[in-house]
Amino acid sequence: MATRPYDLRRYPGFLGITILCLVILYAPLLVVTIYSFNSSPSITNWEEFSFRWYVDVFTGPESDKFKQAAWNSLIIAIIAATTATTIATLAATAVLRAGRFRLRTLSIGLISLPLMVPEIVTAVATLIFFNAIAFERGLMTILLAHIAFCIPFAYMPISARMQGIEATYEQAAQDLYATRRQAFTRILLPLMMPGIVSGFILAFIISLDDFIITNFVKGAGVETLPTAIFGAVKQGIKPNIMAISTLLLAVSIVMVTLSWIIGRKDKTS
Amino acid sequence: MAGGGATGGSVQTDTYAGARGWLLLPAWVTLGILTLAPLAIMLVYSFLTKEFRGGVIWEFSLDAYDQFFFDRGLFGDAPPQIEWTYIGIFWRSIWQAGLATLLSLLIGFPTAYFIATRPEKQRALWVFLVTIPYWVNLLIRTVSMKFLLRDQGPLNEGLMALGVISEPLTIVNTNLAVQLGLFYSYLPFMVLPIYAAVERYNFALSEAAADLYAPRWTILRRILIPAVKPGILAGCILVFVPSLGSFLAPDLLGGARNFMIGSLIEEQFKGNAGNWPFGAAASMILLTMVLILLIVSARQSQKEAR
């Protein structure tokens with residue numbers, strides 16, 4: 001429609017609101033990143049640029065506590081994401097590659113259940129569950145809870161990817177006398193890899209991110225990074241917290257960018 | 001589509017039909033034990049007697065629900081009246097979550113629309129820009145928000161330096177701060193479904209309306225918005241539901257006066273109040289509300305799809 005005097009798709013002000021939206025999303029993160037490089041022990045006054053609080057994070061009086069918490073977080077995120085990704089890959093194969101069956105819809109519902117139940121309710125229910133079966137709270141309870149709520153996040157990119165892979169590849173393999181297991185491990189799994197990697201990264205970030213459920217099911221004295229940060233923030237925001245936050249922020253952004261690049265490459269190839 | 005072409009759209013075959021039990025077993029065992037069973041036990045706990053300072057006594061009791069809905073005076077023998085404290089907290093949470101959803105819609109809709117009308121190659125990058133902050137730790141985002149908004153924070157300092165205001169604005173510990181925090185927590189959930197809906201929208205409809213002399217904003221109101229309504233509805237649900245039970249934003253940004261459901265429940269298990277059956281009952285009420293909302297909206301979108 002070259003004759004029309006204006007572009008129908010454009011609405012005045014929408015660009016402005018989009019920019020406002022991005023400013024609101026990024027301003028708090030930028031401000032904390034900038035202030036984490038402030039040498040002053042006060043969070044209000046800017047003194048000068050320094051790495052003082054980053055050094056403090058690794059060697060300061062609270063460093064042992066945060067190192068232990070970071071280690072716990074990392075171990076839990078790796079094991080929970082690996083387990084959840086495995087479970088999700090198998091479940092997606094059953095849901096998408098095993099015909100129609102009675103439990104199919106119910107299985108999809110069960111897998112997405114952790115997404116529908118409010119997080120605080122899951123936290124309460126899991127705490128009560130461990131209490132009822134007299135399972136002592138500690139690292140193990142955190143890990144089990146994380147595996148459960150990571151499954152739907154791992155499942156989403158995996159099933160999306162599997163839906164895009166035509167079944168002809170596996171059928172061709174089976175026509176050439178590959179067993180079902182070989183068709184799965186040699187054909188389907190390699191084709192699935194980008195989805196599996198995205199699922200793993202998503203689950204890993206979700207596990208690393210969790211505060212509410214962890215706070216309920218952790219044992220006394222056992223901390224992950226978010227619960228340790230929350231405990232410290234309750235006493236007031238301190239500069240070393242901003243340094244830790246900036247580090248964690250960087251890790252998240254690097255991982256998401258990685259997953260995005262893997263996803264894009266996958267589409268263009 | 002090859003293979004199961006009859007399944008309509010998605011590829012579906014029965015290559016692994018023989019192994020389906022084994023493939024699904026891990027998911028059923030894990031989620032059955034760690035998600036379904038806990039919810040069932042929580043329902044049971046909400047009908048038990050409380051043990052002081054946490055835990056329960058295995059004795060049937062309706063006390064938790066009674067305490068939630070009725071006030072029987074200090075000694076429990078006065079004629080029961082409706083107890084407004086907890087209903088009030090739920091009501092305030094609904095109100096706060098609703099306003100946060102509205103705020104997300106007002107900013108999220110134009111953003112989603114703008115992104116969906118970019119050239120196709122740019123869209124992924126815009127979506128990526130909007131979703132990155134979501135993947136940053138929620139606790140860190142909420143703390144950052146508090147750092148920015150607090151009385152001596154960069155926002156107030158900046159506005160004062162520019163001469164816009166002469167005294168710092170008090171934002172932290174107000175309702176507005178909670179709404180901003182919730183908006184910040186869940187905005188991508190609003191943008192993504194609306195973006196997907198606008199991307200599928202057929203702009204020939206707008207062209208037709210314009211040919212019939214409909215003004216631009218009338219086209220938006222009468223043609224575009226009704227067409228992308230399922231996306232808007234999905235976005236609102238996805239922001240409203242987690243906002244309703246959120247804990248971090250009201251706790252860190254709202255202070256003691258802006259108590260929401262999440263804090264009420266947390267206090268029963270972590271704080272000094274320590275009433276587990278009551279916490280379980282409040283969780284059950286929240287869960288019921290959310291499930292009803294999800295079922296109603298699923299029905300609604302099914303009706304629209306027909």
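Which side chains meet in a salt bridge at 3.6 Å, N to O? Let me start there, hello everyone. They belong to A:Lys218 and A:Glu223. One thing to keep in mind throughout is that this is a predicted model.

Let's stay with that pair for a moment. A:Lys218 counts as buried, because its relative accessibility is 12% and the cut-off for buried is under 20%. Its partner, A:Glu223, has a relative accessible area of 25%, so we call A:Glu223 partly exposed. Over all chains, the structure holds 5 salt bridges, and I'd like to show you two others.

Please look at chain B now. Here the side chains of B:Arg123 and B:Glu199 form a salt bridge, with 2.9 Å from N to O. This pair links distant parts of the chain: B:Arg123 sits in helix H4 (residues 120-135) of chain B and B:Glu199 in helix H7 (residues 175-200) of chain B, 76 residues apart. B:Arg123 is buried, at 13% relative accessible area, whereas B:Glu199 is partly exposed, at 37%.

My next example takes us across to the other chain. A:Lys234 and B:Asp251 meet through their side chains in a salt bridge of 2.7 Å, N to O. The pair crosses between chains: A:Lys234 lies in the loop between helix H10 (225-233) and helix H11 (239-268) of chain A, and B:Asp251 is in helix H11 (residues 248-254) of chain B. With a relative accessible area of 46%, A:Lys234 is partly exposed.

That brings us to the interface itself. How many residues of chain B are in contact with chain A? There are 93 of them, and they touch 102 residues of chain A. The area buried between the two chains is about 9400 Å², and carbon and sulfur atoms give 76% of that area. Three residues, B:Tyr16, B:Trp135 and B:Arg216, supply 9% of the area that chain B buries against chain A, more than any other three residues.

And the polar side of the story? The count of salt bridges between chain B and chain A is 1, and you have just met that pair, B:Asp251 with A:Lys234. The interface also has 17 residue pairs in polar contact, with both residues at pLDDT 80 or more. On the side of chain B that touches chain A, the largest share comes from helix H1 (residues 20-45) of chain B, with 18 residues. That side of chain B divides into 64 nonpolar, 18 polar and 11 charged residues.

Back to chain A for a couple of stops. Find helix H3, residues 63-97, if you would. It has 35 residues, and at 1.5 Å a residue it should span 51 Å; the end C-alpha atoms are 49 Å apart, which agrees. Just after this helix, A:Gly99 takes a positive phi of about 70 degrees.

My last stop is A:Ile196, in helix H8 (residues 180-209) of chain A. Is A:Ile196 buried or exposed? A:Ile196 is buried, because its relative accessible area is 13%, and buried means under 20%. Setting aside neighbours within four places in sequence, A:Ile196 is in contact with A:Thr85, A:Thr89, A:Ile158 and A:Leu189. A:Ile19 is another story: its C-alpha atom is separated from that of A:Ile196 by 34 Å, and the two residues are 177 apart along the chain.

That's my tour, so thank you for listening!

Technical notes. Residues are numbered from 1 along each chain as its sequence is written. Chains are lettered from A and ligands numbered from 1 in the order in which they are written. Side-chain values use heavy atoms; hydrogens and water are left out. Helices (H or I, at least four residues) and strands (E, at least two) are DSSP runs, numbered from the N terminus. Buried means under 20% relative accessible area, exposed over 50%, partly exposed in between (1.4 Å probe, protein chains only). Contact means heavy atoms within 4.5 Å. Buried area is the accessible area (1.4 Å probe) that two parts lose on being put together, summed over both. A salt bridge is a side-chain nitrogen of Lys or Arg within 4 Å of a carboxyl oxygen of Asp or Glu. A polar contact is a pair of N or O atoms within 3.5 Å; within protein, one must be able to donate a hydrogen and the other to accept it, and residues adjacent in sequence count only if both atoms are side-chain atoms. Ala, Val, Leu, Ile, Met, Phe, Trp, Tyr, Cys and Pro count as nonpolar, Asp, Glu, Lys and Arg as charged, and the others, Gly among them, as polar. The expected span of a helix is 1.5 Å times one less than its number of residues.
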